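Work through the following exercises with the sequence and the structure open beside you, and try each task before you read its solution.

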Protein chains: 2
Amino acid sequence: MNLQISIQPNLKLALRDPEASTLGRKIIREGIVLMCNLGYEQFTFKKLAESIDSTEASIYRYFENKHRLLLYFLTWYWNYVEYQCTVSLHNLNDPEIKIRKIIEILTGGLPNWADTTGIDKSALQDIVIAESSKAYLTKEVDAINSQQLFKPYKDLCHHIATVFAEYNPAYPYPHSLASTLMEAAQFQPYFMEHLPALTDFKGEQRNKTAVAGYLENLVFAALRK
Amino acid sequence: MNLQISIQPNLKLALRDPEASTLGRKIIREGIVLMCNLGYEQFTFKKLAESIDSTEASIYRYFENKHRLLLYFLTWYWNYVEYQCTVSLHNLNDPEIKIRKIIEILTGGLPNWADTTGIDKSALQDIVIAESSKAYLTKEVDAINSQQLFKPYKDLCHHIATVFAEYNPAYPYPHSLASTLMEAAQFQPYFMEHLPALTDFKGEQRNKTAVAGYLENLVFAALRK
DNA sequence: CAAATTTGAAAGTAATACTATGATAACATA
DNA sequence: TATGTTATCATAGTATTACTTTCAAATTTG
């Protein structure tokens, strides 16, 4: 059996569906690698055009600007995480185990399991860690939000909050705890690598397991009945 | 008695001390208001020059680029918060009360108490909320860090972690909890305003007290002995 | 095969992020 | 008060970014 899953970000994000053409797919796949390497600020459509042997104008036919392309990447990622959560939690009843699973998914990097997409998940995860905040920390946030473009992120947050409520229905802040968890799962590994003074993870344990330990401790403490 | 406090960001941040001249002080004071209004991306030295009736070139004699200016603003802010914590915690013995005070300071906005600086603290706080992450989420992070330019932020984090350790010496993640707290104290009010689905704070309670309640609950739960 | 669509190639524009230079104003010292 | 120093202004200039436009060639689709 070959499970074909297709992760399709909101169509409003792109001017035309990039998964429907060779050029479009190259924009996404090379774009992820290039943005990961250069960082959002240094990344330009011109550089991407060069690296895929195409032109700036052609890329502009797919995406209005690089902020939309970033949103497309992030949407892809959050849809993928949501999908992973849905699959992983499917047969589980115990909310405690569900929460552990969620934290594992959020911190664990994406398994390349069943990957037929050709998307470099590890590069994508690096983009999510380093550039996510730039998606919403902009003066355009309200305009973007009113187009529902943050829906996958909000849906995942709500999904997690629902599991928290299942674990402890009396806890008053499930959504805030979920968004704090999602943010911390990005920031703590980044701090661990670049600003270790902001964490308690020492050099030798530079692995995601340590972060997961901290987050589990935090979440279960907060939710304790 | 007139307490004169002077908050001086790291000198390496500026090419010449902006507090030592009229123009320099205008760059800081108007710069804060303008960056708050336009957001980091739309803010330019040219626009700032126009709004203070000076020239781009003159501003470049004070700051290498706008990222340094942002760092200067943030450093000012974190030094100020550190100072406030030092003063507020001075006569307190009970670590529980200290923690409540810290959360109040982190979420409460800056009182304009004893203000002789002419700096718009409320605009500065908006910059901290919306633009802080852009200070370190850049490919230059390691270079900047090696110049000690994140020291005030790291010092405050360590200060808070120390109070956590005082409250519960056995807690294994005081620094990560401190950085998570500092980040959440910025993000939750931002989410409350722009992406309320990521929080549990409803429209009518759009005040910082609600966020403080969530953060106290979270921190004390994590630190529970 | 014809028509429609996509892409490439090239050029152009406005704004950004600087750098350079010479003139003038302010200021400090002798 | 004269003189040297430094800060600021005014202007101009460069390279890059973030796009837009146009037209021809290639490709896809009906």
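**Exercise 1.** Find out how much space lies in the second largest pocket of this predicted model, and describe what lines the second largest pocket.

*Solution.* Begin with the volume, which for the second largest pocket comes to about 470 Å³. Next, turn to the lining, which is made up of 23 residues, with B:Asp126, B:Ile129, B:Tyr190, B:Glu193 and B:His194 the closest to the centre. Then assign the lining to helices: helix 7 of chain A, together with helix 1, helix 6 (121-136) and helix 9 (174-194) of chain B, each supply at least two residues, and helix 6 of chain B gives the most, with six residues. Finally, sort the lining residues by character, which yields 10 nonpolar, four polar and nine charged.

**Exercise 2.** Describe the largest pocket in the order of volume, lining and character.

*Solution.* The volume of the largest pocket is about 1,000 Å³. Its lining consists of 42 residues, and those nearest the centre are A:Tyr40, A:Glu41, A:Glu131, A:Lys134 and B:Leu137. Helix 1 of chain A gives the most to this lining, with seven residues. By character, the lining divides into 15 nonpolar, 12 polar and 15 charged residues.

**Exercise 3.** Characterise the interface of chain A and chain B by its contacts and its buried area.

*Solution.* First count the contacts, which join 49 residues of chain A to 49 residues of chain B. The two chains bury about 4,200 Å² between them, with 61% of it on carbon and sulfur atoms. As for polar links, there are 26 residue pairs in polar contact across the interface, while the count of salt bridges between chain A and chain B is zero.

Key: Residues are numbered from 1 along each chain as its sequence is written. Chains are lettered from A and ligands numbered from 1 in the order in which they are written. This is a predicted model: local features need pLDDT of at least 70, side-chain atom pairs count only at pLDDT 80 or more; totals for chains, interfaces and linings use all residues. Side-chain values use heavy atoms; hydrogens and water are left out. Contact means heavy atoms within 4.5 Å. Buried area is the accessible area (1.4 Å probe) that two parts lose on being put together, summed over both. A salt bridge is a side-chain nitrogen of Lys or Arg within 4 Å of a carboxyl oxygen of Asp or Glu. A polar contact is a pair of N or O atoms within 3.5 Å; within protein, one must be able to donate a hydrogen and the other to accept it, and residues adjacent in sequence count only if both atoms are side-chain atoms. On a 1 Å grid over the protein atoms alone, a cavity is a set of points where a 1.4 Å probe fits but cannot get out, and a pocket is an open set with protein on both sides within 12 Å along at least five of seven lines; lining residues have an atom within 4 Å of a point. Grid points are joined across faces, edges and corners, and a volume is the space filled by probe spheres set on the points. Helices (H or I, at least four residues) and strands (E, at least two) are DSSP runs, numbered from the N terminus. Ala, Val, Leu, Ile, Met, Phe, Trp, Tyr, Cys and Pro count as nonpolar, Asp, Glu, Lys and Arg as charged, and the others, Gly among them, as polar.
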